[in-house]
Amino acid sequence: MIAADEQAVFPVGSYIARYGASLSLPSVVGRDGVREVLSPEMSDDEARGFERSAETLRSALATSAGVR
Amino acid sequence: MTAAPNAVMLIATDPPDPLVDVARRLARHERVLGTGTYLDSLRFRVHLAQRLGVNASSVNRVRRRRAWHVERVPRSSATIGGTRVEQMIADRGSRSTIPPRRRARSPLRQYLDHRGIAQVNTALASSPRGSPK
């Protein structure tokens with residue numbers, strides 16, 4: 001999908017600035033990596049759950065900040 | 001990085017999402033992506049296909065609305081030939097030696113038992129029955 005520059009949509013993980021962490025969402029993938037992250041429709045409850053997930057990952061990232 | 005500074009990095013090691021963050025921090029660029037829930041989605045599609053006796057390529061729309069480390073998940077909208085997987089399992093239940101609900105959850109239980117929490121939500125999101133037990 002990357003080498004062939006397919007521009008196909010896959011549920012891959014990438015950094016999403018608005019969540020401040022890398023998360024898996026349907027994304028357009030091509031030669032340059034993730035070109036666009038799509039935003040599936042979510043209910044309010046789902047959106048809250050997703051934000052909780054982001055917070056968990058942000059915390060993990062902060063914890064691992066010193067890892068080299 | 002030195003040999004191929006413009007290369008796209010694909011993270012396939014669990015847990016992929018956190019490791020994407022680590023890799024992009026080390027690489028100091030944004031051309032990093034992880035397999036995320038893609039591989040587990042494919043794996044689960046195979047499970048569903050085997051259970052229902054169809055080719056895995058015929059399992060469609062394995063939506064992933066909650067494959068992101070969350071506690072609760074909705075039902076899958078996976079379909080085969082336009083028919084919800086959930087309905088197919090219910091329809092075929094009488095022809096199986098395994099109760100329909102147990103059949104529906106079996107792949108999920110495999111994930112819970114053998115793959116750990118990072119994959120739980122993938123199974124849940126793809127499960128014909130989305131209720132975690």
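Visitor: Which strand of chain A do four bridges join to β2 (residues 21-30) of chain A?
Guide: This is a predicted model. In it, β2(A) and its partner form a hairpin, with two residues between them. Ser27(A) stands opposite Val37(A). The two strands run antiparallel, and the partner is strand β3 (residues 33-37) of chain A.

Visitor: In what order do the three strands of the open sheet in chain B stand?
Guide: Start from the edges. β3 (59-60) and β5 (83-84) of chain B each pair on one side only. β3(B) pairs with strand β4 (residues 79-80) of chain B over two bridges. The pairing is antiparallel, and the order is β3-β4-β5.

Visitor: Which residue in β4(B) does Val59(B) stand opposite?
Guide: β3(B) and β4(B) pair in the antiparallel sense. Across that pairing, the residue opposite Val59(B) is Ile80(B).

Visitor: How far apart are the end C-alpha atoms of α2(B)?
Guide: The helix has 15 residues. At 1.5 Å a residue, α2(B) should span 21 Å. The model agrees with this: the end C-alpha atoms are 21 Å apart.

Visitor: Within what arc do the buried residues of α2(B) fall?
Guide: The buried residues are Tyr38(B), Asp40(B), Ser41(B), Phe44(B), Arg45(B) and Leu48(B). Look down the axis of α2(B): these residues line one face of the helix, because they fall within an arc of 155°.

Visitor: Which residue with a positive phi follows α2(B)?
Guide: Look just past the helix. The phi there is near 70°. The residue is Gly53(B).

Visitor: Which element gives the most to the side of chain B that touches chain A?
Guide: The contact takes 27 residues from chain B and 28 residues from chain A. On the chain B side, α1 (16-27), β2 (32-34) and α2 (38-52) each supply at least two residues. That side divides into 11 nonpolar, six polar and 10 charged residues. With seven residues, the top contributor is α1(B).

Visitor: How many residues does the largest nonpolar core have?
Guide: Chain A gives Val12(A), Tyr15(A), Val29(A) and Val34(A); from chain B come residues including Ile11(B), Val20(B) and Tyr38(B). β1 (8-16) of chain A, together with α1 and β2 of chain B, are the elements that give two or more residues. The count for this core is 10 residues.

Visitor: How many residues are in the other core, apart from that one?
Guide: Leu23(A), Ala54(A), Leu57(A) and Leu61(A) are among its members. The full count is seven residues.

How values were computed
Residues numbered from 1 in each chain as written. Chains lettered and ligands numbered in written order. Predicted model: local features only at pLDDT ≥ 70, side-chain atom pairs only at ≥ 80, totals over all residues. Contact = placed C-beta atoms within 7 Å. Nonpolar A, V, L, I, M, F, W, Y, C, P; charged D, E, K, R; others polar. Pairing = 2+ DSSP bridges. Expected span 1.5 Å × (residues − 1). Buried ≥ 20, exposed ≤ 12 C-beta atoms within 10 Å, placed from the backbone. Arc of directions from axis to C-beta. Core = buried A, V, L, I, M, F, W, Y, C linked by C-beta atoms within 7 Å.
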